[in-house]
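These are my notebook entries on one structure. I set down what I looked up, entry by entry.

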Amino acid sequence: MENSNSSIEGNNLRVRKLELSDKSKGFLELLRQLTVCDSVSDKEFEDRFKEISIYGDDHVICVIEDEISGKIIASGSVFIEKKFIRKCGKVGHIEDVVVDAGSRGMQLGKKIVGFLADHARSMGCYKVILDCSDGNKVFYEKCGFKKKEIQMVKYFV
């Protein structure tokens with residue numbers, strides 16, 4: 001991956017793939033700033049980490065670690081969907097983008113989204129898509145996305 005394990009200029013922030021040890025670096029606490037994220041045991045975390053790892057570059061969770069505090073302060077994920085349309089094309093789906101409340105305004109969200117979009121492009125995707133709230137529309141437009149159609153959802157729990 002092109003941007004893998006890179007530092008953000010001028011500070012001690014490192015962009016990289018999720019590691020098993022990130023549970024102890026506040027990864028789940030960060031996700032709680034985005035949505036419901038119940039308690040996850042060490043074993044459950046390890047099992048899910050291994051399950052996701054099987055997909056290799058088809059499912060990547062990106063994090064930004066503050067190397068001074070040792071905390072995960074931003075994250076997002078992308079998974080690659082393989083299609084029959086467009087000559088068996090691929091589509092990247094960006095999900096779960098979050099920046100710690102205390103670290104906002106530092107362009108970290110833009111860095112995460114760029115990392116994930118670059119990964120999708122490097123995997124041969126013809127497009128990358130994401131869902132967002134109306135309140136985040138302007139942010140994603142600044143990241144090069146445009147509004148297209150609408151999102152629908154059906155929850156089962």
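**Entry 1. Glu149**

I began with Glu149, which lies in the segment after α5; helices (H or I, at least four residues) and strands (E, at least two) are DSSP runs, numbered from the N terminus. I recorded that the model is predicted, that local features need pLDDT of at least 70 and side-chain atom pairs pLDDT 80 or more, while totals for chains, interfaces and linings use all residues. Residues are numbered from 1 along each chain as its sequence is written, and side-chain values use heavy atoms, with hydrogens and water left out.

I then looked up the backbone of Glu149 and found a positive phi, near 60°, in a residue other than glycine. I noted this because most residues other than glycine have a negative phi. Glu149 is exposed, with a relative accessible area of 62%. For this term, buried means under 20% relative accessible area, exposed over 50% and partly exposed in between, with a 1.4 Å probe and protein chains only.

**Entry 2. Asp96 and His93 in β5**

I looked for another positive phi and recorded Asp96, which is not a glycine and has a phi of about 55°. Asp96 is placed in strand β5 and counts as partly exposed at 40% relative accessibility.

His93 also lies in strand β5. Is His93 buried or exposed? I found it buried, at 16% relative accessibility. The side chains of His93 and Glu81 are joined by a polar contact of 2.6 Å. A polar contact is a pair of N or O atoms within 3.5 Å; within protein, one must be able to donate a hydrogen and the other to accept it, and residues adjacent in sequence count only if both atoms are side-chain atoms. Setting aside neighbours within four places in sequence, I listed the contacts of His93 as Ser77, Val78, Phe79, Glu81, Val128 and Ile129, where contact means heavy atoms within 4.5 Å.

**Entry 3. Ser103**

Ser103 lies in the loop between β5 and α4. I noted Ser103 as buried, at 8% relative accessibility. Residues up to four places away in sequence not counted, Ser103 touches Ile73 and Leu108. I also looked up Arg86, 17 residues from Ser103 along the chain, and found their C-alpha atoms separated by 40 Å.

**Entry 4. The largest pocket**

I looked up the largest pocket and recorded a volume of about 1,200 Å³. On a 1 Å grid over the protein atoms alone, a pocket is an open set of points where a 1.4 Å probe fits, with protein on both sides within 12 Å along at least five of seven lines, and lining residues have an atom within 4 Å of a point. Grid points are joined across faces, edges and corners, and the volume is the space filled by probe spheres set on the points.

Which residues of the lining are closest to the centre of this pocket? Of the 34 lining residues, I found these to be Val128, Ile129, Leu130, Phe145 and Lys146. The elements giving two or more residues to the lining are β5 (90-99), α4 (108-122), β6 (127-130) and α5 (137-142). The largest share, seven residues, comes from α4.

**Entry 5. Aromatic rings**

I next looked up Phe145, which lines the pocket, and its ring partners. Rings of Phe, Tyr and Trp (its six-membered ring) pair if their centres lie within 6.5 Å; planes under 30 degrees apart count as stacked, over 60 as edge-to-face and the rest as tilted. By this rule I recorded three aromatic pairs. Phe139 and Tyr140 have ring centres 4.8 Å apart and planes at 75°, so this pair is edge-to-face. Tyr140 and Phe145 are also edge-to-face, at 6.2 Å centre to centre and 85° between the planes. Ring pairs thus link Phe139, Tyr140 and Phe145 into a cluster. Within the cluster, Tyr140 is buried at 9%, Phe145 is buried at 16%, and Phe139 is partly exposed at 30%.

**Entry 6. Glu65**

I closed with Glu65, placed in strand β3 (residues 59-66). Glu65 is buried, with a relative accessible area of 7%. Its side chain makes a polar contact of 3.3 Å with the side chain of Lys25. Apart from neighbours within four places in sequence, the residues in contact with Glu65 include Asn12, Arg16, Lys25 and Ile72.
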